Amino acid sequence: MNSVKFWRDLPEQFEDALQRARRLEIPGRLQISSRLVVNYAKPQEVLIVGMGGSAIGGDLLKDWALGSVAVPLEVCRDYHIPIYAGSKSLVIAVSYSGDTEETLSAFIEAVSRGCMVVAVTSGGILAYLCRRMGIPMVELPGGMVPRSAIAYLLFPLIVVLEKLGLVSGIEGELQEAIEILRRIRDEVVPEVPITKNRSKRLAAVLSDSIPVIYGDRFSRGVALRSRTQVNENSKLLALSGFLPELDHNDVLGWEAPVEYTKRFTVVFLRTADDAQEMKLRAELTRDLIADKAKRIVEVFPEGSSLLAKMLSIMYIVDVASIYLAVLNGVDPTATTSINKLKSQLGDRTKVIDHVKKEVDAILD
Ligand code: PA5
């Protein structure tokens with residue numbers, strides 16, 4: 001199955017993504033038209049614009065950046081960018097296909113406002129428009145499912161921040177993450193039996209219940225990613241939340257009658273948060289709901305850097321979502337309902353036509 005290949009090659013994809021991103025040239029000054037000039041200098045804030053599998057790299061970046069990037073960083077899943085975005089904002093427009101209307105709409109808004117725009121895409125309309133306007137772009141290999149291209153949708157973001165002076169000294173962390181992913185791969189591939197394979201075990205545990213995936217402040221993005229992997233690959237509903245916030249709302253949901261709560265299996269993603277208060281919270285929360293959930297499992301990270309820890313957990317759960325698809329007899333790569341909605345909307349909203357006209361007007 002193709003999907004297994006995508007996930008098996010993940011460490012090599014991260015390496016390739018790094019090389020592709022490093023080849024990107026960001027100009028100091030870009031004259032898009034006689035009226036529109038962009039100066040690429042150290043940004044005051046960062047916006048990652050994208051949807052679904054292309055946006056999630058932004059969430060991972062945001063968690064990773066908590067301790068290392070000194071400017072605000074937001075993920076924007078919308079047709080529009082926030083009102084504060086302007087010439088001092090770095091906007092990275094990410095769309096694997098390059099044809100997602102929300103991303104294209106936000107992209108052209110950012111270009112019109114003179115933001116420092118960089119695109120990450122495998123082609124489509126986004127690549128075409130970037131070429132027309134000379135906007136810097138990291139070109140990705142085609143033929144993948146967007147969510148499986150996470151290496152290409154995350155590492156270029158880090159490299160763009162590096163190129164614009166927002167992070168430095170990260171080579172060791174990137175290389176450690178790739179090394180750890182290689183080790184995880186050797187454990188989670190189909191050839192390894194369930195007794196030694198954490199992803200197979202997780203899929204088996206989740207197979208007869210509704211997954212509830214809880215992260216902490218360094219795995220908010222991984223928890224969201226895990227939920228959406230279960231949705232998109234395994235074709236199942238799932239819930240997600242993160243500590244400490246879930247201690248102020250979700251925990252009350254666990255007071256529901258046990259006949260109801262026993263349908264849910266909780267997966268705690270125990271990432272990198274070594275703070276005493278967070279460890280204690282994770283343990284107390286787990287104990288509080290222990291009798292209410294069908295089961296509780298914990299996934300622990302590998303590696304020493306934050307990135308390795310985040311990505312090791314992500315990889316284990318990603319692959320589990322593929323095994324869960326196999327157990328459910330569904331194709332993990334199919335996106336029938338997403339495609340249907342995209343085409344129904346595209347026919348009626350005409351957003352893409354509007355975006356193309358905007359580009360014509362800018363270049364006129
Ligand atoms: O994983 C998926 O296939 C989806 O979530 C897509 O990423 C989403 O629909 C956006 O499409 P694209 O990534 O091509 O911009």
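This briefing covers two sheets, the helices that pack on them, a ligand site and two backbone features. The structure is a predicted model. One open sheet has 5 strands in the order β4-β3-β5-β6-β7, and another open sheet has 4 strands in the order β9-β8-β10-β11. The ligand has 14 residues around it, and the protein buries 94% of the area that the ligand exposes when taken alone.

**The sheet of 5 strands**

- The strands β4, β3, β5, β6 and β7 follow one another in that order, and their pairing is parallel.
- The edges are β4 and β7 (137–139); each has a single partner strand, so one side of each has no neighbour in the sheet.
- From one strand to the next, the twist averages 15°.
- β3 (residues 45–49) pairs with β4 (residues 73–76) in the parallel sense, over 4 bridges.
- Within this pair, valine 49 has cysteine 76 of β4 as its bridge partner.
- Between β3 and β4 the chain passes through helix α3 (residues 56–65), and this β-α-β crossover is right-handed.
- β3 is also joined to β5 (residues 89–95), by 5 bridges, and these two strands run parallel.
- Here the bridge partner of valine 46 is leucine 90 in β5.

**Helices on the sheet of 5 strands**

- Helix α5 (residues 124–133) packs on this sheet and touches β5, β6 (116–121) and β7.
- The direction of α5 makes about 140° with that of β6.
- Helix α6 (residues 150–163) lies across β3, β4, β5, β6 and β7.
- Relative to β5, α6 runs at about 160°.

**The sheet of 4 strands**

- This sheet also has parallel pairing, with the strand order β9-β8-β10-β11.
- β9 (239–242) and β11 (295–299) are the edge strands; each has a single partner strand, so one side of each is left without a neighbour in the sheet.
- The twist averages 20° from one strand to the next.
- Strand β10 (residues 264–269) is joined to β11 by 5 bridges, and the two run parallel.
- Leucine 269 has valine 299 in β11 as its bridge partner.
- Helix α12 (residues 276–289) packs on the sheet and touches β8 (210–215), β10 and β11.
- The direction of α12 makes about 170° with that of β10.

**The ligand site**

- Of the 14 residues around the ligand, those that come nearest are Ser54, Ser95, Ser97, Thr100 and Glu232.
- In the side chain of glutamate 232, an N or O atom is 2.7 Å from an oxygen atom of the ligand.
- In the side chain of arginine 147, an N or O atom is 3.1 Å from an oxygen atom of the ligand.
- Tyrosine 96 contributes a polar backbone atom, 3.5 Å from an oxygen atom of the ligand.
- Taken alone, the ligand exposes 380 Å², and 94% of that is buried by the protein.

**Backbone features**

- Most peptide bonds are trans, and most residues other than glycine have a negative phi.
- The peptide bond between leucine 243 and proline 244 is cis, with an omega of about 5°.
- Proline 244 lies in the loop between β9 and α10 (250–253).
- Lysine 235 is not a glycine, yet its phi is positive, at about 55°.
- The loop that holds lysine 235 runs between α9 (220–232) and β9.

Notes:
Residues are numbered from 1 along each chain as its sequence is written. This is a predicted model: local features need pLDDT of at least 70, side-chain atom pairs count only at pLDDT 80 or more; totals for chains, interfaces and linings use all residues. Side-chain values use heavy atoms; hydrogens and water are left out. Two strands pair if DSSP finds at least two bridges between them. Axes are lines fitted to C-alpha atoms, for helices over the stretch in contact, and angles run from 0 to 180 degrees between N-to-C directions. Contact means heavy atoms within 4.5 Å. A crossover is right-handed if, with the strands pointing away from the viewer, the path from the first strand over the helix to the second runs clockwise. A residue is near a molecule or strand if one of its heavy atoms lies within 4 Å of it. A polar contact is a pair of N or O atoms within 3.5 Å; within protein, one must be able to donate a hydrogen and the other to accept it, and residues adjacent in sequence count only if both atoms are side-chain atoms. Accessible areas come from the Shrake-Rupley method with a 1.4 Å probe; for residues, only the protein chains shown count as cover.
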